[in-house]
Amino acid sequence: MVHEHDKLAVFESDSGITLSFGKAIYFISAEEPFHNIALKALEQDDYVPFYLEIARREGIGPEFRDALEDMIRETSESN
């Protein structure tokens, strides 16, 4: 199954979940603790946890979090 959200694509398989964001690809094994969070997020069509996991893996958590919060705030204000 494939889920897409803007530039993020999420692919589910029996062995785990693959994230494709821009040119980067990340694999979340079914054995990883984040896998359960990812499954719940997909059920709710909530892609924020995936962006945060990508940021964590890239080591840019705080900067990414701040930018994401700004984007969320701007979207909320425009609706």
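**Exercise 1. Across the hairpin**

Find which residue of S4 stands opposite serine 20 in this predicted model, and work out how the two strands are arranged.

*Solution.* Start at serine 20: its partner across the pair is isoleucine 25 in S4. Next, look at the strands themselves. S3 and S4 run antiparallel, and six bridges join them. Finally, check the turn. Two residues lie between the strands of this hairpin, and glycine 22 takes a positive phi there, near 65°.

**Exercise 2. A histidine in a helix**

Decide whether histidine 35 is buried or exposed, and list what it touches.

*Solution.* First, place the residue: histidine 35 belongs to helix H1. Then compare its relative accessible area, 9%, with the cut-off for buried, which is under 20%. Histidine 35 is therefore buried. Now leave out residues up to four places away in sequence; the contacts of histidine 35 are then Gly16, Ile17, Ile28, Ser29 and Ala30.

**Exercise 3. Into the core**

Identify which members of the largest nonpolar core touch the most other members, and which elements supply at least two residues each.

*Solution.* Begin with the core, which has 17 residues; Leu8, Val10, Ile17, Leu19, Leu42, Tyr47 and Phe50 touch the most other members. Then sort by element: strands S2, S3 and S4 and helices H1, H2 and H3 each give this core at least two residues. As background, nonpolar side chains in soluble globular proteins tend to be buried together.

**Exercise 4. Along H2**

Pick out which residues of H2 are buried, then see what follows the helix.

*Solution.* Walking along H2 (48-58), you meet the buried residues Pro49, Phe50, Tyr51, Glu53, Ile54 and Ala55. After H2 comes glycine 59, with a positive phi near 75°.

Technical notes:
Residues numbered from 1 in each chain as written. Predicted model: local features only at pLDDT ≥ 70, side-chain atom pairs only at ≥ 80, totals over all residues. Heavy atoms only, no water. Core = buried A, V, L, I, M, F, W, Y, C linked by side-chain atoms within 4.5 Å. Buried < 20%, exposed > 50% of the residue type's maximum accessible area, 1.4 Å probe, protein only. Helix = DSSP H or I, 4+ residues; strand = E, 2+ residues; numbered from the N terminus. Contact = heavy atoms within 4.5 Å. Pairing = 2+ DSSP bridges.
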